[in-house]
Amino acid sequence: TLKGSHFEIRVQPSDTIMAVKKNIEDVQGKDNYPCGQQLLIHNGKVLKDESTLLENNVSEDGFLVVML
């Protein structure tokens with residue numbers, strides 16, 4: 001984000017990107033991170049809502065960039 005903030009969330013490899021977005025919204029607040037406005041990026045690639053973390057090779061110690 002432009003804020004440059006860092007936070008951790010608990011997810012499973014089988015979670016879809018949409019589920020991760022909703023998780024972020026729940027943890028960080030709907031006003032700050034509305035799931036409908038999030039773009040999740042991993043290794044320079046925008047992740048599709050219907051794909052899973054496993055399909056996108058997001059590892060346990062990996063990170064995602066959240067763009068609004």
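Author: Welcome! Helices (H or I, at least four residues) and strands (E, at least two) are DSSP runs, numbered from the N terminus. This is a predicted model, where local features need pLDDT of at least 70, side-chain atom pairs count only at pLDDT 80 or more, and totals for chains, interfaces and linings use all residues. Residues are numbered from 1 along each chain as its sequence is written, and side-chain values use heavy atoms, without hydrogens and water.

Reader: Which residue just after α1 takes a positive phi?

Author: Start with α1 itself, which has 12 residues. Follow the chain just past α1, where phi is about 105°. The residue there is Gly29.

Reader: In what order do the 3 strands form the open sheet?

Author: The edge strands are β2 (45-46) and β3 (65-67), each pairing on one side only. β1 (residues 39-42) pairs with β2 in the antiparallel sense over 2 bridges (strands pair if DSSP finds at least two bridges between them). The order is β2-β1-β3.

Reader: Which residue of β2 is the bridge partner of His42?

Author: β1 covers residues 39-42, and β2 covers 45-46. The bridge partner of His42 in β2 is Lys45.

Reader: Is Gln38 buried or exposed?

Author: Gln38 lies in the loop between α1 (17-28) and β1. Beyond its neighbours within four places in sequence, Gln38 is in contact (heavy atoms within 4.5 Å) with Lys21, Ile24, Glu25, Tyr33, Val66, Met67 and Leu68. Three of these partners, Lys21, Ile24 and Glu25, are listed among the buried residues of α1. With a relative accessible area of 2%, against a cut-off of under 20% (exposed is over 50%, partly exposed in between, 1.4 Å probe, protein chains only), Gln38 is buried.

Terms used
Expected span 1.5 Å × (residues − 1).
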